[in-house]
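Please work through the exercises below with the sequence and the coordinates open beside you. Each task is followed by a solution that proceeds step by step.

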Amino acid sequence: LLSIGYASCHWCHVMAHESFEDKETAEIMNKNFINIKVDREERPDIDFIYQSAYQLFNRSGGGWPLTIFLDENAIPFMCGTYFPKEKKHGLPSFKEVLNKVSSLYLEQREKIVDQSKIIKKSLELKKTPVLSQDLEPILDSLIDKLDPVNGGYKNAPKFPSFNVFETLLYFYNKTNEEKFLKPVELILKKISSQGIYDH
């Protein structure tokens with residue numbers, strides 16, 4: 001069971017409090033799964049792969065918390081986002097999902113593992129176009145969306161996406177072009193002089 005979330009995501013905190021901190025739910029998780037938690041801010045590369053898997057399975061955009069069930073080769077076979085502790089809003093309870101997925105895997109393990117080759121191939125195809133592009137126009141477009149006065153993005157959400165600034169810093173070190181460094185310097189100055197005040 002792979003759960004991807006991040007510190008400033010409301011529903012990630014809700015699911016963590018409702019389910020991951022619940023003794024009965026934790027017993028089901030620990031009995032039937034190897035449980036992995038990933039912070040999307042720390043590992044956007046992993047988040048990208050599994051958001052792509054969600055989109056492949058559900059034909060819609062993903063989100064957080066991202067709840068992924070992986071086979072023994074770490075290939076996803078079922079994806080969801082937030083699941084409530086108790087059944088509501090047309091969603092099954094997380095305990096219900098855990099029990100059904102566990103039973104399904106035990107009953108249809110070979111079938112699930114066999115389909116993993118198709119899923120892996122589909123995910124590799126999704127990655128190719130991005131990796132083959134020239135990244136500078138993409139970064140220029142990103143810089144246009146940044147706030148030149150206050151740092152961060154021009155619009156909400158204002159909390160900093162550090163992977164964006166790490167990427168800009170990487171390109172500054174690679175090219176020595178000031179346009180990649182300026183947004184990083186600005187956000188660091190703003191954070192260190194004013195702090196982050198997030199309700």
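**Exercise 1: Surroundings of a threonine**

Thr67 has a relative accessibility of 1%, so this residue counts as buried, the limit being under 20%. The model is a predicted one.

Task: Determine in which strand Thr67 is found, which residues Thr67 is in contact with beyond its neighbours in sequence, and which backbone oxygen lies 2.7 Å from a polar atom of its side chain.

Solution. Step 1: Thr67 belongs to strand 3, which comprises residues 66-70. Step 2: once neighbours within four places in sequence are set aside, the contacts of Thr67 are Leu1, Leu2, Met15, Met78, Cys79, Gly80, Thr81, Phe83 and Phe94. Step 3: the backbone oxygen in question is that of Thr81, at 2.7 Å from a polar atom of the Thr67 side chain.

**Exercise 2: The sheet and a helix packed on it**

Task: Establish the order of the 4 strands in the open sheet, identify the edge strands, and describe how helix 3 packs on the sheet.

Solution. Step 1: the order of the 4 strands in this open sheet is 2-1-3-4, with mixed pairing. Step 2: strand 2 (36-39) and strand 4 are the edge strands, since each of them pairs on one side only. Step 3: averaged over the sheet and with direction ignored, neighbouring strands are turned by 20° against each other. Step 4: helix 3, residues 44-58, packs on the sheet and touches strand 1, strand 2, strand 3 and strand 4, while its direction makes about 85° with that of strand 4. Step 5: strand 1 (residues 2-5) pairs with strand 2 in the parallel sense over 4 bridges, and Leu2 has Ile36 in strand 2 as its bridge partner.

**Exercise 3: Aromatic rings**

Task: Classify the aromatic pair formed by Trp11 and Tyr82, and then the pair formed by Tyr170 and Phe171.

Solution. Step 1: a pair of aromatic rings is described by the distance of the centres and the angle of the planes. Step 2: with ring centres within 6.5 Å as the criterion for a pair, the count comes to 8 aromatic pairs. Step 3: for Trp11 and Tyr82 the centres are 4.9 Å apart and the planes enclose 50°, and the pair is tilted. Step 4: this pair links distant parts of the chain, 71 residues apart, with Trp11 in helix 1 (residues 10-20) and Tyr82 in the loop between strand 4 (76-80) and helix 4 (94-131). Step 5: Trp11 is partly exposed at a relative accessible area of 43%, whereas Tyr82, at 11%, counts as buried. Step 6: the rings of Tyr170 and Phe171 have centres 5.3 Å apart and planes at 85°, so this pair is edge-to-face. Step 7: Tyr170 is partly exposed, with a relative accessible area of 48%, and Phe171 counts as buried at 12%.

**Exercise 4: Charged side chains**

Task: Find the rings over which the charged end of Arg40 sits, and describe the contacts of Asp22.

Solution. Step 1: the charged end of Arg40 sits over the ring of Tyr6, at 4.9 Å from the ring centre, and also over the ring of Trp64, at 4.2 Å from its centre. Step 2: Asp22 lies in the loop between helix 1 and helix 2 (23-32) and is buried, with a relative accessible area of 14%. Step 3: not counting residues up to four places away in sequence, Asp22 touches His17, Lys85 and Lys95. Step 4: with Lys85, the side chain of Asp22 makes a polar contact, side chain to side chain, of 3.1 Å.

Methods: Residues are numbered from 1 along each chain as its sequence is written. This is a predicted model: local features need pLDDT of at least 70, side-chain atom pairs count only at pLDDT 80 or more; totals for chains, interfaces and linings use all residues. Side-chain values use heavy atoms; hydrogens and water are left out. Rings of Phe, Tyr and Trp (its six-membered ring) pair if their centres lie within 6.5 Å; planes under 30 degrees apart count as stacked, over 60 as edge-to-face and the rest as tilted. Helices (H or I, at least four residues) and strands (E, at least two) are DSSP runs, numbered from the N terminus. Buried means under 20% relative accessible area, exposed over 50%, partly exposed in between (1.4 Å probe, protein chains only). A charge sits over a ring if NZ of Lys or CZ of Arg is within 6 Å of the ring centre and within 35 degrees of the ring normal. A polar contact is a pair of N or O atoms within 3.5 Å; within protein, one must be able to donate a hydrogen and the other to accept it, and residues adjacent in sequence count only if both atoms are side-chain atoms. Contact means heavy atoms within 4.5 Å. Two strands pair if DSSP finds at least two bridges between them. Axes are lines fitted to C-alpha atoms, for helices over the stretch in contact, and angles run from 0 to 180 degrees between N-to-C directions.
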